[in-house]
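Work through the exercises below with the sequence and the model open. Try each task before reading its solution.

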Amino acid sequence: MDAQVKPLKQASESLGATSRPTQAEAEAAVRTLIAWAGDDPSREGLLETPARVAKAYGELFAGYDQNARDVLSKTFKEVGGYDDLVLVRDIPFYAHCEHHMVPFYGKAHIAYLPHDGVVGLSKLARLVEVFARRLQTQETMTAQIIDAINENLGPRGAAVMLEAEHMCMTMRGVKAHDVKTVTHRFTGVFAEDRVEQDRFFAMVGHR
């Protein structure tokens, strides 16, 4: 099988799928959709589109073949006694809505209070990518990110906020432009202490 679709093959197997279409079948499906939309899949400009779409899907949905545990596996304990909030904000992400398979995109803000070491800052951005490159809802993605932090880092508390614009609202349906959806979740100290919540909101610019 073509290497460009290998990640999706492994993902379907890990999710318990009984079979996966071949590369040729995937390209045929794209041609069917092109024809259903009203265009001619055999015209010059569309001849290579099915192969391009299949290749793009391998990249856009590569998160199915990635594991949050691997991303967060290495921590650093020599941090000079630092035990206050660690915040990485404005992490850009692009995901696809599982309902219409159109993009939603925005920024993620992640904070945690270390318990036994810290993780490399770039790993938090990588963690967002793991879950963004799947068919998603923003609510589910928010929960998946914070659950992964809790399970793999064991912090005293964690906070995650996503802000995103959904093309399923902008391009179709109500066609509402410049509308942002905000989701957040707190655990540990952040869930118990309103002062910590307010500090998080202030640091990400929402207070």
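Three exercises follow, on confidence, cysteines and one helix.

This is a predicted model, in which local features need pLDDT of at least 70, side-chain atom pairs count only at pLDDT 80 or more, and totals for chains, interfaces and linings use all residues. Residues are numbered from 1 along each chain as its sequence is written, and side-chain values use heavy atoms, with hydrogens and water left out.

**Exercise 1.** State what the mean pLDDT of the protein is.

Solution. pLDDT is the predictor's confidence in each residue, from 0 to 100. The mean is 89, and 91% of the residues reach 70 or more. Over residues 1–16, however, the pLDDT is below 50. Where pLDDT is low, the predicted coordinates should not be read in detail.

**Exercise 2.** Explain why C97 forms no disulfide with C168.

Solution. A disulfide is counted when two cysteine sulfur atoms lie within 2.5 Å. The closest cysteine sulfur to that of C97 is in C168, 4.4 Å away, so the pair is too far apart for a bond. The structure holds 0 disulfides. C97 is buried (under 20% relative accessible area; exposed is over 50%, partly exposed in between, with a 1.4 Å probe and protein chains only), at 5%. C168 is also buried, at 14%.

**Exercise 3.** Find which residues of α2 are buried.

Solution. Helices are DSSP runs (H or I, at least four residues), numbered from the N terminus. Helix α2 spans residues 23–37. Its buried residues are Q23, E27, V30 and I34. They lie on the same side of α2, because their arc around the axis is only 55 degrees, taken from the directions from the helix axis to the C-beta atoms. The face turned away carries the exposed residues A24, T32 and W36.

Note on methods:
Contact means heavy atoms within 4.5 Å. Helices (H or I, at least four residues) and strands (E, at least two) are DSSP runs, numbered from the N terminus. The expected span of a helix is 1.5 Å times one less than its number of residues.
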